[in-house]
Amino acid sequence: MALNNTYEARLVQQETAVGAGVQILLLALLGSAIGMGPAGLLTGLVFAITSWALLSLALHRSRLRSFGPANRVTLGRATLVGGVTALVADSFESSPPVTLFVGLTAVALILDGVDGKVARRTGTSTALGARFDMEVDAFLILVLSVYVSMSLGPWVLLIGTMRYGFVAAARLWPWLNAPLPPSTARKTVAAVQGVFLLMAASGFFPYAATFAVTATALAALVWSFGRDILWLYRNRPSRVRQTPAPPAVERGCLRRPVSVSGG
C-alpha cells in the first residue's frame, strides 16, 4: 500500500512538472513569434517556476491520489495566464499583438467556466481544486488590471488588488474568514471582471466606452465586497467566542471565505 501511495504521489507531481514544461514551451513560442524581450521572458519564467512550486507543495500537503481532470483544465488555464502575464510584462517595452493578447486571455476566461463543470460531472471536486481555480482567476484579474491601468490610470489596480487586500484584512480580523452564504450575484460579479477588463484591454473601443466599462467593473466589485463584508460583520461571533474559521473557497469567486466546491 505504501508503494502504491508513493507511486500515485509521483504521478501527481509529474503532472505539475509537465504543466511547467508546457508553460516554458509557450514562452519559447511567444519569444520566437513576436520577439518578446527579456522582461516578458523572465516574468513568464518566474511565473512558471513559482506556480509549479506552490502547486507541488499544495499537492504534497493535500496528499491527493489523483490530479483529476478538472485540475488539468485549470492547469492548462494557468499556462495561458502565464503567457498573458509575460505579454503584459513585455508591454512595458513594446505593445503586444492585440489578436494574440485577446486570444490567450479569452480562452483562459472561457476555460474558467469549464473546470468547475468537469469537477462536478466527474465527482472530483476538492478544496484544493477550488483554491487552485480561484488563485488562477485572481491572478489573471490582477494582470489585466495592471495592463489596463497603463492607459486609464492607477485606480484600475483596485480591481486586481481588492481580493488580496481582503485576504490580508482577514488576517487582522478573523471574522472575515467565516463562510458566506451562496450568492448568484457574487458569482456574476466575479465572472464579469475578466470580461470587462479584456474589453478595456483590447483597444477595440473608444476611450469613453473603455473608461465606462472599467468603472462599472470596479463599482460592481466594490458593491459585492462591501455587501459581503457587511454581512460578515453583522454575523460575526462575539469577542469572547471569536475563533478563526477554516478558510473555504468557491469556484468563480474572487474572495477567500466562501463555500467549498470545485475540482
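Buried means under 20% relative accessible area, and partly exposed lies between that and the exposed class, which begins over 50%. The exercises below apply this to a predicted model.

**Exercise 1. Which burial class does tryptophan 175 fall into, and which does tyrosine 233?**

Solution. Start with tryptophan 175: its relative accessibility is 14%. The cut-off for buried is under 20%, so tryptophan 175 counts as buried. Tyrosine 233 has a relative accessibility of 41%. That value lies between the 20% and 50% limits, so tyrosine 233 counts as partly exposed.

**Exercise 2. Classify the ring pair of tryptophan 175 and tyrosine 233, and locate both residues in the chain.**

Solution. The structure holds six aromatic pairs. In the pair of tryptophan 175 and tyrosine 233, the ring centres are 5.6 Å apart, and a pair requires centres within 6.5 Å. The planes meet at 65°; angles over 60 degrees count as edge-to-face, so this pair is edge-to-face. As for location, tryptophan 175 is in the loop between helix 6 (157-172) and helix 7 (184-202), while tyrosine 233 belongs to helix 8 (residues 207-234). The two residues are 58 residues apart, and their pair links distant parts of the chain.

**Exercise 3. Which charged group sits over the ring of tyrosine 233?**

Solution. The group is the charged end of arginine 236, at 3.8 Å from the ring centre of tyrosine 233. Another such arrangement involves arginine 163, which lies over the face of tyrosine 164 at 5.1 Å from the ring centre.

**Exercise 4. Check the length of helix 7 against its expected span, then describe its course and its ends.**

Solution. Helix 7 has 19 residues, and at 1.5 Å a residue it should span 27 Å. The expected span uses one less than the number of residues. The end C-alpha atoms of helix 7 are 28 Å apart, so the two values agree. Along its course, helix 7 bends by about 25° at valine 192. At its start, a side-chain oxygen of serine 183 comes within 3.4 Å of the backbone nitrogen of alanine 185. Just after helix 7, glycine 203 has a positive phi of about 80°.

**Exercise 5. Which elements cover the buried residues of helix 7?**

Solution. First list buried residues of helix 7: among them are Arg186, Val189, Ala190, Gln193, Gly194, Leu197 and Leu198. An α-helix has 3.6 residues a turn, so residues three or four places apart point the same way. The cover over the buried residues of helix 7 includes helix 4 (98-122), helix 5 (127-152), helix 6 and helix 8.

Notes: Residues are numbered from 1 along each chain as its sequence is written. This is a predicted model: local features need pLDDT of at least 70, side-chain atom pairs count only at pLDDT 80 or more; totals for chains, interfaces and linings use all residues. Side-chain values use heavy atoms; hydrogens and water are left out. Rings of Phe, Tyr and Trp (its six-membered ring) pair if their centres lie within 6.5 Å; planes under 30 degrees apart count as stacked, over 60 as edge-to-face and the rest as tilted. Helices (H or I, at least four residues) and strands (E, at least two) are DSSP runs, numbered from the N terminus. Buried means under 20% relative accessible area, exposed over 50%, partly exposed in between (1.4 Å probe, protein chains only). A charge sits over a ring if NZ of Lys or CZ of Arg is within 6 Å of the ring centre and within 35 degrees of the ring normal. The bend at a residue is the angle between axes fitted to the seven residues ending there and the seven starting there. Contact means heavy atoms within 4.5 Å. A polar contact is a pair of N or O atoms within 3.5 Å; within protein, one must be able to donate a hydrogen and the other to accept it, and residues adjacent in sequence count only if both atoms are side-chain atoms.
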